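Dear colleague,

Please find below the structure that I am handing over to you, with its sequence. My notes on what was found in it follow directly after.

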Amino acid sequence: MEAVLFILFGAIAVCGAIMVVTRKSPMASALYLILTLFAVAALFVLRQAHFLAAVQVIVYAGAVVVLFVFVIMLINVPEDRLPVERATTTRVLGVLAAGIFILESAVLARRFWMQKGPAAEVGTVETVGRALFTDYLLAFEITSVLLLAAVIGAIALAKRKT
Amino acid sequence: MTGPLFDIAVAVARIAVFFAFCFGLVVVMTWVERKGAAYIQDRRGPNRADIFGIRAWGLFHPLADALKFLFKEDFIPDNAHRLFYQMAPMFSLAPAILGIAVIPFGPDVTVMGRRIALQIADLNVGILYLFAVSGMTVYGVVLAGWASGSKYPLLGGLRSSAQMLSYEVSMGLSLIGIFMVFESVRMSQIVTGQGGLLFGVLPKWGVFVQPLGFILFLVAQYAEANRTPFDLPEGESELVAGYHTEYASFKFSMFMMAEYLHMVVGAAVVATLFFGGWQFPYLGDAGFLLPGGSTVAVPPALVLLLRIGAFVSKVLFFAWLYVWIRWTIPRLRYDQVMRLGWKVMLPLSLLNIFATGLILLLLNK
Amino acid sequence: MTIGVIKVARPRKMSFPESLYLVEIVKGLGVTMGHMLSNIVRQEGIKTIEYPEVRREMPPRFRGRHRLMKREDGTPRCVACYCCATACPAKCITIVAGESPDPGVEKYPVRFDIDMLRCVFCGMCVEACPCDAIRMDTGWFTPPDDTREKLIFTIDTLLEK
Ligand code: SF4
Ligand code: SF4
């Protein structure tokens, strides 16, 4: 059962991701991105990591992609005026590099994580919270400083008179 | 019945009953909205639709509306993006109903020797799930606005996405206090946590331990649901009908249903988080425990009934509050909405978290 | 009386509790709830008139739909002089005159149609009529109908009232 669901959602995630980069209309890409994010959230749920799944949806689908969509709407380029994209050498190389990266990470993943068996209580609110505020406290605080810097930067940019 | 079969049957029954409750309430709420608005404005409201001459105070109007929407022409404007235009109403209806999945309708009951939770799914991320779902509602609006291929829906969609993004932040932050007080994000635990008494007199409901959080959450929720005074995305004086201007027939009614589902589910969420969910004041598992120390024994079946009744009446009250507020408060201006969201609600909700933390720290010492 | 200047008070600054809005919102909720409850209990508070069954009393000088007056013997008082049709700014009166069988009367209207959809209810026809044959004192509007033809009132309809 779990394997079937894993393959199903994994396939949805991968297909969605491919659609994101191949669609011409930016709005379609954004919607496929949501689909991919949801499929990944479902994979988290399959691993009992409900917290990660919820955060994935809240942060990525609920906020980041909304911003994308917001910008797409604001600019609203008509479909016939979209730039034509060709398969240049860089693109081909990029696809090759991405393939190699995926293969390598699959090998690494098999080595390090897959063998550990069921990851029962890794992604719940309690465990994530505890890990963030003990083992990864420094990283957590540094990230928050980084975000603060970004906020201040945004305000500074908005306030600057041109 | 054998184990797994029984579980599946229970799950299906729960989903069916709770969904039926929500959709039934949606139908009633459309009537309440029209009739309530009429009486508030010294009018009579709908009273003409009848079945065999029985008018029943216009109660058949929702039925007539539904029939009308079903038989209207399903129209797609020339400029619209066909696929997205048709998807938008679904994007808006689905997240609206999903929230009900984590709401406990009553305490656990024992049927045929098994404990059954009156809740579709008791997720350990309860409230976060609610956030995730409510974050999705914006897509329906945005997609409708964009795919209609006309300027008023586009403006409505832009307004609404900006508004929802702004208020989602304070909505999330206003609930942190609740997590802190009840030490859980699991809905069932939050409700059980509200069973105690505060200072020996008040029920320990969320609204009494988090009054500021309650007000902030209520306001944010109204903004999220695009209800007056935050219904600028469909401000008819300047945007016709906002994001659903180009929609007709059943697709339009799906937007309407989504709006009322927001009200119903939102009312259930407020009742659960801030008003004790199914907790009946002073009612314990065995009977009433009055503040003076006296007790009144109540049979368990009646306790269950009282509790479910308490939940339903709370939901009804908050659903009515949506209507009541709508016909009392005028619409805000757009800059006022943004100012309220970022300059008032956000600092206040941060202050609320800080104050709650401080008080908890002092109390635990 | 000379034209006076009315001093409109500037909105005064809100006090602090008012600027929080919360109390004021609750007061407003009280007002609306009061209206609703009183309307449920006492239906007289409701201003709506249930139109087809109940009709509003029109003021006496209200210009409603037209009627043609009759003589004592029941024939139309109209002498088909075309004054009303000429005066009508909307050009919505169509008259076909015929020779009257009554030796004392010269002409009578064989047809007298008013297109109620074009009529602007200005009352010029009434003013123009030399023999007070057309009046607009029925105290009622043109009732709605489902075809345009039915709203061209003929002489029979006009004489009825
Ligand atoms: S009321 Fe005015 S518009 Fe109507 S028929 Fe008489 S003159 Fe013509
Ligand atoms: S003005 Fe009077 S008399 Fe002359 S045609 Fe009109 S209704 Fe008849």
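In this predicted model, 24 residues of chain A are in contact with 23 residues of chain B. Of the two pairs of chains in contact, chains A and B share the most contacts. The area buried between chain A and chain B is about 2,100 Å², and carbon and sulfur atoms give 81% of that area. On the side of chain A that touches chain B, the elements giving two or more residues are α2 (26–46) and α3 (50–75) of chain A. The largest share of that side comes from α3(A), with 15 residues. By class, the residues on the side of chain A that touches chain B are 19 nonpolar, four polar and one charged. As for specific polar links, zero salt bridges are found across the interface of chain A and chain B, and two residue pairs are in polar contact between these chains.

The second interface joins chain C and chain B. Here 18 residues from chain C and 15 residues from chain B take part in the contact. The two chains bury about 1,600 Å² between them, with 61% of it on carbon and sulfur atoms. Within chain C, Leu29(C), Met36(C) and Glu50(C) lose the most area to chain B, and together they account for 30% of what that side buries. Which residue of chain B forms a salt bridge with Glu50(C)? The partner is Arg44(B), and the closest N and O atoms of the pair are 3.6 Å apart. In total, two salt bridges are counted between chain C and chain B, and nine residue pairs are in polar contact across this interface. The side of chain C that touches chain B is made up of eight nonpolar, seven polar and three charged residues.

The remaining pair of chains can be dealt with briefly. Chain A and chain C do not touch, and their nearest C-alpha atoms are 27 Å apart.

Turning to the interior of chain B, you may wish to look at helix α2 (residues 61–71) of that chain, where His61(B), Pro62(B) and Phe69(B) are buried. These residues lie on the same side of α2(B), because they cover an arc of only 100° around the axis. On the other side of α2(B), Leu63(B), Leu70(B) and Phe71(B) are exposed. The cover over the buried residues of α2(B) includes α1 (3–40) and α10 (249–274) of chain B.

In chain C, one charged residue deserves a separate note. Arg67(C) lies in strand β1 (residues 67–68) of chain C. Is Arg67(C) buried or exposed? Arg67(C) counts as buried because its relative accessibility is 19%, and the cut-off for buried is under 20%. The side chain of Arg67(C) makes a polar contact with the side chain of Asp137(C), at 2.8 Å.

Finally, some remarks on the fold of chain A. This chain has six helices and zero strands, so that its elements run α-α-α-α-α-α from the N terminus on. Of the 162 residues in chain A, 23% are buried. Among the contacts in chain A between residues at least 6 apart in sequence, 59% join residues at least 24 apart.

With kind regards

Methods
Residues numbered from 1 in each chain as written. Chains lettered and ligands numbered in written order. Predicted model: local features only at pLDDT ≥ 70, side-chain atom pairs only at ≥ 80, totals over all residues. Heavy atoms only, no water. Contact = heavy atoms within 4.5 Å. Buried area = accessible area lost by both parts, 1.4 Å probe. Salt bridge = Lys/Arg side-chain N within 4 Å of Asp/Glu carboxyl O. Polar contact = N/O pair within 3.5 Å; in protein donor to acceptor, adjacent residues only side chain to side chain. Helix = DSSP H or I, 4+ residues; strand = E, 2+ residues; numbered from the N terminus. Nonpolar A, V, L, I, M, F, W, Y, C, P; charged D, E, K, R; others polar. Buried < 20%, exposed > 50% of the residue type's maximum accessible area, 1.4 Å probe, protein only. Arc of directions from axis to C-beta.
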